[in-house]
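Grab a coffee and load the coordinates in your viewer. Below are a few exercises on sheets and pockets, each with a worked solution.

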Amino acid sequence: MQMTGTTKKMNDSCESWFALYTRHQHERKVARHLELHGFTVLCPTYTEMHQWRDRKKEIVLPVFPGYVFMQGGLERQTCVLATPGVHSIVCTGRTPAAIEQDEIEGIRRAVDHAISLEPAPFLSEGERVRVIRGPLMGVEGIFQRRKDGVRLAISIEILGRSASLEIQSNEIESCIRRPLTSVLSEVMGRTAMLPAQSTLLMSGGHGD
């Protein structure tokens, strides 16, 4: 059966991830409420130690303050927008803006494998690297070197927000590096040209 343009667009919107803008400190409540109503959501968190005058306490905070991610669900927009704590769906103009698949995939896989994330200053430029081994293999981000080690920053462009995670130097490679097949093809192409060039040189020598 051939898929029509309308059907394909509906399927794409069901698979795509969107961001919900929420009230301050309502991210986890929104996520729980939507999950109870059958939505697929993502609300990554991290822990931070807070010091009060008489005690210390570890508290859980959202990695992306003010936002919850939702997969599909646009056919139930009324239900989504009626969720306590939800302000709106992040849009481009009046159209809900789908998040780039490679951006959300890195966040999802970190959460799925219990890899600690933390908020980071928004990064859109820098040395882009790719994870080459482990549970995040294939995920791309921006390389960060700190005093306490190496981190990978994953940015959600449409939100202007980034998250970072700890990673080992031997688990990443530069995205600028060309595929080996491309390099070999170029080398073989040059090698194939060498005999013809050598013949010309030799002929020139005999001519003298």
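**Exercise 1. Find the residue of E6 that stands opposite Thr-22, then work out how the sheet around that pair is built.**

Start with the pair itself: across from Thr-22 sits Val-86 of E6. Keep in mind that you're looking at a predicted model.

Next, zoom out to the two strands. Strand E1, residues 17-22, runs antiparallel to E6, and three bridges hold the pairing. Another of these contacts involves Tyr-21, whose bridge partner in E6 is Ser-88.

Now look at Tyr-21 from the E5 side. There, Tyr-67 is the residue standing opposite Tyr-21. E1 and E5 are antiparallel too, joined by five bridges.

Put the strands in order and you get an open sheet of four, E2-E5-E1-E6, with antiparallel pairing. Strand E2 (40-42) and strand E6 (86-89) are at the edges; each has a single partner strand, so one side of each has no neighbour in the sheet. On average, neighbouring strands here are turned by 35° against each other, direction ignored.

**Exercise 2. Decide how covered E1 is, and which helices pack on its sheet.**

Take E1 first: five of its six residues are buried, which makes the strand mostly covered. The cut-off for buried is under 20% relative accessible area.

Then go to the four-stranded sheet, E2-E5-E1-E6. H2 packs on this sheet and touches E1, E2, strand E5 (67-71) and E6, with its direction at about 20° to that of E5. H4 packs on the sheet as well, touching E1, E2 and E5, and its direction makes about 85° with that of E2.

**Exercise 3. Lay out the six-stranded sheet and say which strands are at its edges.**

Write down the order: E9-E13-E12-E11-E10-E14, an open sheet with antiparallel pairing. The ends of that list are the edge strands, strand E9 (118-120) and strand E14 (172-174), and each pairs on one side only. From one strand to the next, the twist averages 45°.

Check one pairing in detail. E9 meets strand E13 (residues 161-167) in the antiparallel sense over three bridges. Within this pairing, Glu-118 has Ser-164 of E13 as its bridge partner.

Finally, add the helix. H4 packs on this sheet, in contact with strand E10 (128-131), E12 and E13, and its direction is about 130° from that of E12.

**Exercise 4. Describe the largest pocket: its volume, and the residues closest to its centre.**

Begin with the volume, about 290 Å³. The lining has 15 residues, and the closest to the centre are Gln-25, Glu-27, Val-60, Leu-61 and Pro-62. Helix H2 (27-36) and strand E4 (56-62) are the elements giving two or more residues to this lining. Sort the lining by class and you find seven nonpolar, four polar and four charged residues.

**Exercise 5. Do the same for the second largest pocket, and find which element gives the most to its lining.**

The space here comes to about 240 Å³. Of the 19 lining residues, Asp-102, Glu-103, Arg-128, Glu-140 and Gly-141 lie nearest the centre.

Helix H4 (101-112), strand E11 (140-146) and strand E12 (149-156) each supply at least two lining residues. H4 gives the most, with five.

By class, this lining holds five nonpolar, six polar and eight charged residues.

Key. Residues are numbered from 1 along each chain as its sequence is written. This is a predicted model: local features need pLDDT of at least 70, side-chain atom pairs count only at pLDDT 80 or more; totals for chains, interfaces and linings use all residues. Side-chain values use heavy atoms; hydrogens and water are left out. On a 1 Å grid over the protein atoms alone, a cavity is a set of points where a 1.4 Å probe fits but cannot get out, and a pocket is an open set with protein on both sides within 12 Å along at least five of seven lines; lining residues have an atom within 4 Å of a point. Grid points are joined across faces, edges and corners, and a volume is the space filled by probe spheres set on the points. Ala, Val, Leu, Ile, Met, Phe, Trp, Tyr, Cys and Pro count as nonpolar, Asp, Glu, Lys and Arg as charged, and the others, Gly among them, as polar. Two strands pair if DSSP finds at least two bridges between them. Axes are lines fitted to C-alpha atoms, for helices over the stretch in contact, and angles run from 0 to 180 degrees between N-to-C directions. Contact means heavy atoms within 4.5 Å. Buried means under 20% relative accessible area, exposed over 50%, partly exposed in between (1.4 Å probe, protein chains only).
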